[in-house]
Each structure stands twice: as structure tokens, then as C-alpha cells.
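Reader: I should like to go through the classifications assigned to this structure. Please set each value against its criterion.

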Amino acid sequence: MTAEALPSGTAAAGTPTVPAGAGTPMVRVEDLHKSFGTLKVLKGVSLEVNAGDVLCIIGPSGSGKSTLLRCLNMLETPTAGHVWINGHEMTDPDVDIDAVRAHMGMVFQSFNLFPHLNARQNCMLGQTTVLKRSAAEAKQVAEANLVKVGLFDRMDYFPAQLSGGQQQRVAIARALSMDPLLMLFDEPTSALDPELVGDVLSVMRQLADDGMTMIVVTHEMAFARDVADRVIFMDDGTIVESGPPEQVIGAPLEERTQVFLQRVLDPTHVREIGELEPVNVPPAWVRPK
């Protein structure tokens with residue numbers, strides 16, 4: 001996808017308090033590059049995400065998906081290119097990155113909870129230290145978000161007392177407690193037992209239904225098909241294919257996308273590029289019932 005021409009000016013650095021205006025993408029990336037030494041991980045990625053949309057990023061391991069996500073909030077510094085979040089250019093040396101980050105939630109593969117704090121306290125800490133909320137207000141917000149993720153009866157539990165799926169839901173509640181305008185998910189179910197995945201995905205589906213802007217790196221194809229407004233397939237640091245999920249997942253146009261999906265959906269029968277099934281017949285699990 002090619003980004004539009006740059007706006008005539010960028011917003012002044014500072015804390016974003018309202019979503020981007022009509023016609024302005026919540027997230028905009030233009031010609032993004034990232035290298036680690038001689039290894040080129042991102043090779044000119046451009047994309048846009050509008051407020052309230054869900055973008056799912058799929059692709060093989062090592063394709064640059066997680067690096068792209070980390071470049072959005074400057075956990076990794078891009079080698080070249082531009083990133084705008086809610087009108088603020090993150091790649092501008094003068095931007096107040098911490099102020100913009102305060103309204104971006106990120107959920108990682110690992111839960112990154114403080115082991116000495118219970119679920120409620122984990123959700124309160126960022127509020128009191130970053131947002132400067134009172135302990136009473138932070139507690140009220142934390143408890144409301146723990147209820148939202150289905151952990152109303154686990155607020156006093158410490159991470160070691162929770163299952164992996166419950167810990168990941170605490171991580172989501174913690175991010176929501178910061179009142180984010182944008183949520184980034186980096187394969188949030190990859191470290192979970194299969195039977196725990198559904199609980200986390202259910203919470204994410206509800207966030208999407210509530211209108212949260214989300215960028216999700218995932219291998220959960222059913223989730224991407226059902227929840228995403230748009231799906232991007234990445235390989236070797238580039239966007240190979242982008243479009244609605246019924247196209248990218250159901251009837252991909254690019255041969256590399258077809259090979260990837262066949263290997264994901266039919267892992268016991270790995271085909272070579274010359275052994276593809278007809279591309280006009282979607283996999284059985286995405287065909288209308």
C-alpha cells in the first residue's frame with residue numbers, strides 16, 4: 001500500500017487527548033526501514049490504520065511483523081522512514097515520545113507483569129505514576145477493566161497464582177487502564193496453552209466490537225478472518241498482500257500468501273510452490289456454511 005503525500009505540517013508534540021480528526025489516520029507509516037547491522041528487517045513498509053479499525057498482520061516468523069509493531073511506539077528506532085500516531089510524528093526527534101506512548105497500549109507475547117503486585121496493583125501502577133491519578137481513582141479504573149476481561153474474582157491474585165491466559169488478560173486490563181487510543185498486540189496468544197487461547201481472543205473481540213483501534217500481529221487465522229477490517233501479509237520485511245480478510249485469507253492473490261496459508265491451514269501436507277491448490281477455491285473453513 002502506498003502512503004498518501006505528507007501533510008503540510010505535523011501536530012506539535014504532546015499528549016494526544018482525542019482521536020485523530022475525520023480523514024486523518026490514527027496510524028500512518030511511510031517507507032519504513034529497519035536494519036540490525038547488515039540485516040535488513042523492514043524494507044520500505046507503508047500503511048495506514050483509521051480510528052476504530054482492526055488491522056491484523058500475518059506472515060512467517062522472521063518476516064518483520066513484531067519489529068514493525070515495535071517501531072510504531074519507538075521500542076525500536078527505525079533506520080529510515082516516518083511514523084505518525086494520532087497526528088504526532090514519532091520519528092520527529094523533537095516529539096515527546098512518552099506523552100504519545102501514554103495513550104498507546106501494548107500487549108506482548110510474554111505477560112510482563114510485576115510478580116510482587118497483585119492483578120489490581122499491576123493495573124494501578126501506570127495510572128498513578130504516568131497519568132498521576134489518585135490511588136482511589138486508579139483502583140476504580142483498574143477494577144472496572146479487570147471486570148471487563150472477566151477477572152472480577154481474581155483481583156487480589158498475584159501472577160504466580162494465575163494461569164497464562166489469566167495473566168495475559170491482566171496485561172490487557174493493565175493496558176486498558178491507561179485509556180489508550182490505540183492497542184498493539186504482539187502475538188498475544190503464542191505463549192498460551194491451546195485451551196487458554198479462546199479466553200484472550202474473546203476479550204480482544206469485545207475490544208474490537210467496542211471500537212478500539214487495534215493492530216494485531218497474530219497466527220490466529222480465524223480471529224483475523226472474523227475480526228479484522230484489513231489483513232496484511234508480510235514476508236522478508238515487505239508487505240506482500242493487503243486487503244480485506246475475505247480476500248487475503250479466503251482467496252489470496254499472491255502466490256507467496258497462498259503457500260503460507262496452505263502451510264498454516266494444512267501443516268501435515270506441505271506443498272511446494274508448483275503444487276498449489278486452485279486459488280479460486282477458499283479453504284473449507286472460510287467457505288460460507
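Reader: How many disulfides does the count come to by this rule?
Author: The model is predicted. A disulfide requires a pair of cysteine sulfur atoms within 2.5 Å, and by this rule the count comes to zero disulfides.

Reader: What makes C56 and C71 count as buried?
Author: Buried means under 20% relative accessible area. C56 has 0% relative accessibility and therefore counts as buried. C71 also has a relative accessible area of 0%, so C71 is buried.

Reader: Why are β2 and β5 said to stand at the edges of the sheet?
Author: The open sheet has four strands in the order β2-β1-β4-β5, with antiparallel pairing. β2 (39–49) and β5 (88–89) each have a single partner strand, so one side of each is left without a neighbour in the sheet.

Reader: How do you know that β1 and β2 pair?
Author: Two strands pair if at least two bridges are found between them. Strand β1 (residues 27–36) and β2 are joined in the antiparallel sense over eight bridges, and the criterion is therefore met. Within this pairing, V29 stands opposite L47 in β2. Helix α1 (residues 65–72) packs on the sheet, where it touches β1, β2 and β4 (80–85). The direction of α1 makes about 120 degrees with that of β1.

Reader: Which residues have the most contacts inside the largest nonpolar core?
Author: They are I172, F185, M204 and M214, in a core of 47 residues. Helix α6 (residues 194–209) gives the most to this core, with eight residues. Leaving aside residues up to four places away in sequence, I172 touches V107, V149, F185, V200, V203, M204 and L207. A second, separate core has 29 residues, among them V45, L55, M90 and L184.

Conventions. Residues numbered from 1 in each chain as written. Predicted model: local features only at pLDDT ≥ 70, side-chain atom pairs only at ≥ 80, totals over all residues. Heavy atoms only, no water. Core = buried A, V, L, I, M, F, W, Y, C linked by side-chain atoms within 4.5 Å. Buried < 20%, exposed > 50% of the residue type's maximum accessible area, 1.4 Å probe, protein only. Helix = DSSP H or I, 4+ residues; strand = E, 2+ residues; numbered from the N terminus. Contact = heavy atoms within 4.5 Å. Axes fitted to C-alpha atoms, helices over the stretch in contact; angles between N-to-C directions.
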